[in-house]
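Here's a quick briefing to read with the model open beside you. Take it one topic at a time and find each residue as you go.

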Amino acid sequence: MQTIECLLAMDDCLQDTEECLLNIPSFQGRNNPLTMINLQNHQRADADLIERANRDPHRYHVQNISGSDILCHRETPSDNWRICLPLSLVHWTIRWYHLLLGHCGIDRLCDTLKARFYHPGLYSSCSAYRCPDNCHMYKHQGRSCGHHAPRMARASPWEIGRAHV
């Protein structure tokens, strides 16, 4: 009898899990622009990125990631290395992460990208990005939580509900 109850509980859990996955975006027909081979090829073709790396070799370093030589950047020696995004991949990377993060806002998108990638002007590129699905139309533009209209305070709490006995 306990086995049947366990199976029913597992079935309920699986249904709950499936419901959680309903809003995950579909990536069918969309290729990830951030494969290491693709990054390496675009970095080698970006003359401006190569020039910046040659001007400031202390901040730029080539790292071998998954068999590909990837140019990385860090501001100070105590910072983590971040992958340099060539200009040709900035738009596609922003679009990919915007979809992957469920049509998030500018700050979350930029913070997520800045954790692993470097490109000068990345925040302004994130701000300028417009989703082709017009996801900004569906976001609430009104007051956010904690900013409600003032209420009329009642002088005595028994004015609300009087019961005649």
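## A first salt bridge, then the rest

Let's start with a pair you can look up right away: Asp 48 and Arg 52 are joined through their side chains by a salt bridge, at 2.9 Å from N to O. Keep in mind that this is a predicted model. Zooming out, the protein has six helices and four strands, and reading from the N terminus their order is α-α-α-β-β-β-α-α-β-α. Out of its 165 residues, 25% count as buried.

**Salt bridges**

- Why can side chains like these pair up at all? Side chains of opposite charge can do so when their charged atoms come close.
- How many salt bridges are there in the structure? There are four.
- The pair Asp 48 and Arg 52 sits in helix 3, which covers residues 47-55, and because the two are four residues apart, about one helical turn separates them.
- Is Arg 52 buried or exposed? Arg 52 counts as buried because its relative accessibility is 14%, which is under the 20% cut-off.
- Its partner Asp 48 is partly exposed, with a relative accessible area of 41%.
- Asp 56 and Arg 59 make another salt bridge, and here the closest N and O atoms are 3.5 Å apart.
- Asp 56 is partly exposed at 24% relative accessibility, and Arg 59 is also partly exposed, at 33%.
- Arg 59 has a salt bridge with Glu 75 as well, side chain to side chain, at 3.5 Å from N to O.
- That pair ties together distant parts of the chain, 16 residues apart: Arg 59 belongs to the loop between helix 3 and strand 1 (60-65), while Glu 75 belongs to the loop between strand 2 (68-73) and strand 3 (82-84).
- Glu 75 counts as partly exposed, with 36% relative accessibility.
- Put these together and you get one network of Asp 56, Arg 59 and Glu 75, joined by salt bridges that share partners.

**Two helices that pack together**

- To describe two packed helices, people give the angle between their axes and the distance between those axes.
- For helix 4 (residues 87-100) and helix 5 (residues 106-116), the angle is about 115° and the axes are 10 Å apart.
- Their crossing is right-handed.
- Which residues of helix 4 meet helix 5? They are Thr 93, Ile 94, Tyr 97 and His 98, and on the helix 5 side you'll find Leu 109, Thr 112 and Leu 113.
- Sorted by type, the residues of this contact are four nonpolar, three polar and no charged.

**Two buried residues to look for**

- Gln 40 is part of helix 2, which spans residues 36-45.
- With 11% relative accessibility, Gln 40 counts as buried.
- The side chain of Gln 40 has a polar contact with the side chain of Ser 68, at 3.5 Å.
- If you ignore neighbours within four places in sequence, Gln 40 is in contact with Ser 68, Asp 69 and Ile 70.
- Pro 86 can be found in the loop between strand 3 and helix 4.
- Pro 86 counts as buried too, at 0% relative accessibility.
- What does Pro 86 touch, not counting residues up to four places away in sequence? The answer is Leu 39, His 42, Gln 43, Asp 46 and Leu 49.
- Pro 86 and Tyr 118 are 32 residues apart in sequence, and their C-alpha atoms are 9.0 Å apart in space.
- For the protein as a whole, take the contacts with a separation of 6 or more: 54% of them are between residues 24 or more positions apart.

**Positive phi values**

- Most residues other than glycine have a negative phi.
- Ser 66 has a positive phi, near 55°.
- Look for Ser 66 in the loop between strand 1 and strand 2, where it counts as exposed at 70% relative accessibility.
- His 103 also has a positive phi, near 60°.
- You'll see His 103 in the loop between helix 4 and helix 5, and its 22% relative accessibility makes it partly exposed.

Technical notes: Residues numbered from 1 in each chain as written. Predicted model: local features only at pLDDT ≥ 70, side-chain atom pairs only at ≥ 80, totals over all residues. Heavy atoms only, no water. Buried < 20%, exposed > 50% of the residue type's maximum accessible area, 1.4 Å probe, protein only. Axes fitted to C-alpha atoms, helices over the stretch in contact; angles between N-to-C directions. Left-handed = near helix turned anticlockwise from the far one by under 90°. Contact = heavy atoms within 4.5 Å. Nonpolar A, V, L, I, M, F, W, Y, C, P; charged D, E, K, R; others polar. Polar contact = N/O pair within 3.5 Å; in protein donor to acceptor, adjacent residues only side chain to side chain.
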